[in-house]
Amino acid sequence: MKTTSPITRRRFMNQAALGGVSIAALAAMPTGAIARVFQPTPQVDEPERVGVMNWRVLQPGVMAIADLSLGGNTMLVVADGKALLVDTKYAYLAGGLLKDAADQIQADITKDRIELTLINTHHHGDHTGGNAVIVPIASASYAHANALPRIRAQHEKYVQGAKAGPSQLARTDAPEAYMPFAKAAADASSTWTEKTAVPKIAINSSGHTLRLGDIVIKTQHFGAGHTDNDLVIHLPEQNIVHTGDLVFNGLHPYFDPSANATARGWLESLKQTRKLCNAETTVIPGHGEIAGPEIVDTQISFFEQLIASIQGEIDKGTAKEEVVKMSWDFMDGLGFEQVRERLIDGVYDELTA
Ligand SMILES: [Zn+2]
């Protein structure tokens, strides 16, 4: 569980700008300009980090964790003495998320309730694994209506995950600071019931708008895609979108037919999500690095090509066993290779249903 420091967009642009200067262009430049080109790349500030969990500050009051080894990407919004958390990763990390959120609003986590709102982007265990730690103390908790029974049904998995947390954590090079939270969740898990992790408020398909001080948080559902309960979280004023698992940045998307995943629906949800963005939007994907709207475009293109490629093989009469072994150009270089066959298998079934 290593913490690598991601290249910021600004640093990337600096490197790209330097790399783009040709010898011919240098020859044509006045001496002063050449000196400027050869000056060392200005040391671009690493993004500001806060809390036990090393949150990356995106804007004042908005922070996120995007680390492949730590489950689904989380977002924390803080305003007016209130906090909003999007997703809870795993039980062994949730205490750290809770402490950081509470510290941001100077709340006491030994109290029964704190001014913390939770939203789950969908029910998958790497986004809801810490719900049982957070839901009981949160002043409000939300998920799509279809997520609630699915979260309830994952009760045993949450308990097993929490109990395994400390030993799982000890086998990694995770920061020591996570361990007390992992142990506390393991201890508490014997008191959890089927209801503990279930958010209290259902969001239906027309979505929901919350306010945290001056910050408006819009939650929208665009139909089944990655699951039948995907929520996209949009902060219009801050121009930030958390896509949940509709976007896997640089990774094969995880396709889960048991959650009513649909490639066609996923594509439609992505197109609706893209409409929330302009060129400057910060996009927090479900997994992978935080970036701009180009990662939504890339995911749209991925699904368009995936559907066309699999349909092409179906039309040729290629057997499913052969198609699942295939890989196409648009998949080159993507991580999570282990979920590729499952993805093709699921989309093949969808297109032949
Ligand atoms: Zn997911």
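This briefing covers a zinc site, an aromatic cluster, two helices and some backbone features. The model is predicted. A zinc ion is held by H122, H124, H226 and D245. Elsewhere, eight aromatic pairs turn up in a search of the whole structure. Helix 4 is largely enclosed by the rest of the structure, because eleven of its 14 residues are buried.

**Zinc site**

- Three histidines and one aspartate coordinate the zinc ion: H122 through NE2, H124 through ND1, H226 through NE2 and D245 through OD.
- The donor distances run from 2.1 to 2.2 Å.
- Angles between the four donor atoms range from 87 to 169 degrees, so the arrangement is irregular. A tetrahedral label would need all angles between 85 and 135 degrees, and the upper value of 169 degrees rules that out because it lies outside this range.
- Along the chain, the donors are spaced as H-x1-H-x101-H-x18-D.
- H122 and H226 bring together distant parts of the chain, 104 residues apart.
- H122 lies in the loop between strand 6 (114-119) and helix 5 (125-128). H226 sits in the loop between strand 10 (215-220) and strand 11 (232-235).
- H122 and H226 are both buried.

**Aromatic cluster**

- Ring pairs join F248, F255, W266, F302, F303, W328, F330 and F336 into a cluster.
- Across the whole structure, the search gives eight aromatic pairs. One of them is F302 with F303, an edge-to-face pair with 5.5 Å between centres and 75 degrees between planes.
- F302 and F303 are both buried. Another pair, W328 with F330, is stacked, at 6.0 Å centre to centre and 0 degrees between the planes.
- W328 counts as buried because its relative accessibility is 15%, under the 20% cut-off.
- F330 also counts as buried, because its value is 16%.

**E313 in helix 11**

- E313 belongs to helix 11, which spans residues 294-316.
- The relative accessible area of E313 is 10%, so this glutamate is buried.
- Beyond its neighbours within four places in sequence, E313 contacts T318, V323, M326 and W328. Of these, W328 is also a member of the aromatic cluster.

**Helix 4**

- Helix 4 covers residues 91-104, 14 residues in total.
- From first C-alpha to last, helix 4 reaches 21 Å. That is close to the 20 Å expected at 1.5 Å a residue.
- The buried residues of helix 4 are A91, Y92, L93, A94, G95, G96, L97, L98, D100, A101 and A102.
- With eleven of 14 residues buried, helix 4 is therefore largely enclosed by the rest of the structure.
- Just after helix 4, Q106 adopts a positive phi of about 50 degrees.

**Positive phi in loops**

- D80 is not a glycine, yet its phi is positive, at about 55 degrees.
- D80 is placed in the loop between strand 4 (74-79) and strand 5 (82-86).
- D80 counts as exposed because its relative accessibility is 59%.
- N239 is another residue other than glycine with a positive phi, near 60 degrees.
- N239 lies in the loop between strand 11 and strand 12 (240-242).
- Unlike D80, which is exposed, N239 counts as buried, because its relative accessibility is 17%.

Methods:
Residues numbered from 1 in each chain as written. Predicted model: local features only at pLDDT ≥ 70, side-chain atom pairs only at ≥ 80, totals over all residues. Heavy atoms only, no water. Phe/Tyr/Trp six-rings, centres within 6.5 Å; stacked < 30°, edge-to-face > 60°. Buried < 20%, exposed > 50% of the residue type's maximum accessible area, 1.4 Å probe, protein only. Helix = DSSP H or I, 4+ residues; strand = E, 2+ residues; numbered from the N terminus. Contact = heavy atoms within 4.5 Å. Expected span 1.5 Å × (residues − 1). Donors = N, O, S within 2.8 Å, 3.2 Å for Na, K, Ca; no water. Tetrahedral: all angles 85-135°; square planar, octahedral: opposite > 155°, others 65-115°.
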